[in-house]
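Please open the structure in your viewer and keep the selection panel at hand. The stops below are meant to be taken in order, each beginning with something to select.

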Number of protein chains: 2
Amino acid sequence: MHPRTSFTAVTSPKRAGRPRSAAADRAILDATRAALAEVGWGGLTLGDVAARAGVAKTTLYRRWAGKNELVVDALAALFEEQLDLPDLGGLEADIQGVVLRFAELIERPETRTALMAVVAEAAQDDALRLRIREAIVDRQKHLVLLGRRRAQQRGELPPDKAEDPARDDLIFDVIAGAVVHRVMVSSGPVDREWALRLARLLVDGLGALHLPPP
Amino acid sequence: MHPRTSFTAVTSPKRAGRPRSAAADRAILDATRAALAEVGWGGLTLGDVAARAGVAKTTLYRRWAGKNELVVDALAALFEEQLDLPDLGGLEADIQGVVLRFAELIERPETRTALMAVVAEAAQDDALRLRIREAIVDRQKHLVLLGRRRAQQRGELPPDKAEDPARDDLIFDVIAGAVVHRVMVSSGPVDREWALRLARLLVDGLGALHLPPP
DNA sequence: CCAGTTACGCTACGAGTCGTAGCGGAATCG
DNA sequence: CGATTCCGCTACGACTCGTAGCGTAACTGG
C-alpha cells in the first residue's frame, strides 16, 4: 500500500522513525479551508495551501494524492462533530431543527465553494465518491432513522411492517437535497420559516403548504 | 461592452464585416460536451476542446471568457429543448413523470461531471450564478406552477388564498434537490419506483411511505 | 549512545495549461 | 473597392503540477 495515509493522521500502532506531525496536519487542513473560503475551488493551488500552512509543498504530496483528497478531508473535519438530534417534542419541530443544523454546515464559505466541486469530481472517481460518503454524507444519515423511530413512538407515524432501507434513503435525499439546492442553486436563506415549511410539506404533504405561515 | 458574446451566437441585428460562424459555435459546444463526458470537469482543457471542434484556440477565447462560461452554455443547450408536462391524470402521476424527465437530463455523463462543478464555481461569481439560473434552472421552474394549477382544477389541492412565490420555490427546491442528490451523491437510479415514492411523499406526507410499493 | 528508519524543508526541474499578442488571409457590408 | 470583422496559425511569458534529490530532524530498538 502506498505510504499516503490520506486520512487524517491515522497514527498506526507503533512504527520506527520520525512520526508525522499532527500539528502539520491541522495546519494544512485549516489552511485549506481558509484558502477555499477566499479563492474558491478553482483558485485553490496546493502551493498556496503549503505556504499558508507553513509547510513544504512536498509534505502535502506525501500525505494526499491530490487536490480532491485533500479537500475532502478538509471538509470532513467540519462534519466530524457529533450530530445530535435534540428532541423538540414533535416530528415537525424535529425536522425543522435538523434542517437548520444541516444548513449551518452547508452555508459556510468553504463548504459552498468546495462541496459541490468534489461531488462533481467524484462522478468519475469511485474511490473519491466512497470517501465522500463515509466522511461526510453518512454522518448525517442516521439522524433520519432516529427521527423516524421517535415519531413512531409518539404515534405520529405508523409502525414498520418490514425493514425498508430505501425509504430512509429517500427521506435523506429529499431533506439534504432540498437544503443543498436551496443554498447552492437558489441562493436563498435557510431560516426558521423556510425550515418549518419544508417540515410541514414532509409531514403532511403538499396540501399543508396552503396554510398561512405563522 | 466586450466583444465576447458568451451566449450562443446572438447574431445582433446587422453589422459590418465577416459574421461569426454558427457552425463553429455548434462544433465547439458539441466538443465541450463530448470532452466533459470523457475527461470530466477537472480534465477539461480549452486547448483540447478547440482541437476536437476543429477551430483555433483563440476563437474560443474570442467568444467565451473562460471555462466556466463555456461549460454553462454547453450544458444550457441540453436543457433548452422543450419542457412539457404531459397530463397523466393525477397529481401523483404528474410528479412522477416530471421527476423521470428531469432525471434523464441529470443522468447524462456531461451533466453529471459538469453541472455541480459550475454550481460550485458560481458560489464566488454572481454573474455566473445568474447565468446558470437563466439558462438551466428557471427553465424547469414553471412546471411546478403548471402542475400545481392543474391539481387545483382537479380538486387535489385547495385553491390559493394569495400568491405565494416562496411556496413554489420550495417545491422546486425539494423536487430538483432530491433528484440531484439521488443521482450525484447517493449514486442511485431514478427509476419509476423511486419517482413514485417521491411523488407519494410529496402528495401525502411521510406517512404514505409506509405503504407497500406496488 | 548508536545505528536504522521515517518525516521534514528546501531547491530544482520538465511537462502541461493558461490567456494573450501579432500576423496574413477570408468573408461580408456599403 | 475600402472598411470592417472574423478566422487560423504561431509564438510567448506566467503559472501550476507533481516528482526527484539532498541534507537534516525526530523517534525506536538494541
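The tour of this predicted model goes from the DNA strands to the two domains of chain A, and then to the contact of chain A with chain B.

**Stop 1: DNA strand C**

Begin by selecting DNA strand C together with the 25 residues that surround it, of which the closest are A:Gly17, A:Arg18, A:Thr59, A:Arg63 and B:Tyr61. If you colour the atoms of DNA strand C that lie within 4 Å of the protein, 59% of them belong to sugar or phosphate, and the rest to bases.

Next, show the individual atoms around A:Arg18, where a polar backbone atom is 3.1 Å from a base oxygen of DNA strand C. At A:Ser21 it is again a polar backbone atom that you should look for, but here the partner is a phosphate oxygen of DNA strand C, 3.2 Å away. A:Thr58 uses a polar side-chain atom, which lies 3.0 Å from a base nitrogen of DNA strand C. Now switch to the cartoon view and pick out helix H3 (57-63) of chain A, along with helix H2 (46-53) and helix H3 (57-63) of chain B, which are the elements that give two or more residues to the surface near DNA strand C. H3(A) supplies the largest share of that surface, with four residues. Coloured by class, the surface near DNA strand C shows seven nonpolar, nine polar and nine charged residues.

**Stop 2: DNA strand D**

Move on to DNA strand D and select the 24 residues that surround it, the closest being A:Pro19, A:Tyr61, B:Thr59, B:Arg62 and B:Arg63. Among the atoms of DNA strand D within 4 Å of the protein, sugar or phosphate accounts for 59%, and bases for the rest.

Which atoms of chain B should you zoom in on here? A polar backbone atom of B:Arg18 is 3.2 Å from a base oxygen of DNA strand D, while a polar side-chain atom of B:Thr58 lies 3.0 Å from a base nitrogen of that strand. At B:Arg62, show the side chain, since an N or O atom in it is 2.9 Å from a base oxygen of DNA strand D.

In the cartoon view, helix H2 (46-53) and H3 of chain A, together with H3 of chain B, each supply at least two residues of the surface near DNA strand D, and the largest share, four residues, comes from H3(B). By class, this surface divides into seven nonpolar, eight polar and nine charged residues.

**Stop 3: the two domains of chain A**

Hide the DNA and colour chain A in two parts, domain 1 (1-80) and domain 2 (84-210). Their C-alpha centres lie 29 Å apart, and 17 residues of domain 1 are in contact with 21 residues of domain 2. Between them the two domains of chain A bury about 1,700 Å², with 72% of it on carbon and sulfur atoms. On the side of domain 1, select A:Val72, A:Leu78 and A:Phe79, which lose the most area to domain 2 and together make up 40% of what that side buries.

One salt bridge is counted between these domains; to see a salt bridge, display A:Arg131 and A:Asp73, whose closest N and O atoms are 3.1 Å apart. Helix H1 (22-43) and helix H4 (67-79) of chain A are the elements that give two or more residues to the side of domain 1 that touches domain 2, and H4(A) gives the most, with nine residues.

**Stop 4: chain A against chain B**

Finally, show both chains and select the contact between them, which takes 56 residues from chain A and 56 residues from chain B. Chain A and chain B bury about 4,500 Å² between them, 63% of it on carbon and sulfur atoms.

Two salt bridges are found across the interface of chain A and chain B; select B:Arg197 and A:Asp164 to display a salt bridge in which the closest N and O atoms are 2.6 Å apart. Polar contacts between the chains come to 22 residue pairs. Several helices of chain A each supply at least two residues of the side that touches chain B, including helix H5 (91-106) and helix H7 (126-154), but the largest share, 14 residues, comes from H8(A). A last colouring by class gives 31 nonpolar, twelve polar and 13 charged residues on the side of chain A that touches chain B.

Key. Residues numbered from 1 in each chain as written. Chains lettered and ligands numbered in written order. Predicted model: local features only at pLDDT ≥ 70, side-chain atom pairs only at ≥ 80, totals over all residues. Heavy atoms only, no water. Near = heavy atom within 4 Å. Polar contact = N/O pair within 3.5 Å; in protein donor to acceptor, adjacent residues only side chain to side chain. Nonpolar A, V, L, I, M, F, W, Y, C, P; charged D, E, K, R; others polar. Domains from an automatic or database assignment. Contact = heavy atoms within 4.5 Å. Buried area = accessible area lost by both parts, 1.4 Å probe. Salt bridge = Lys/Arg side-chain N within 4 Å of Asp/Glu carboxyl O.
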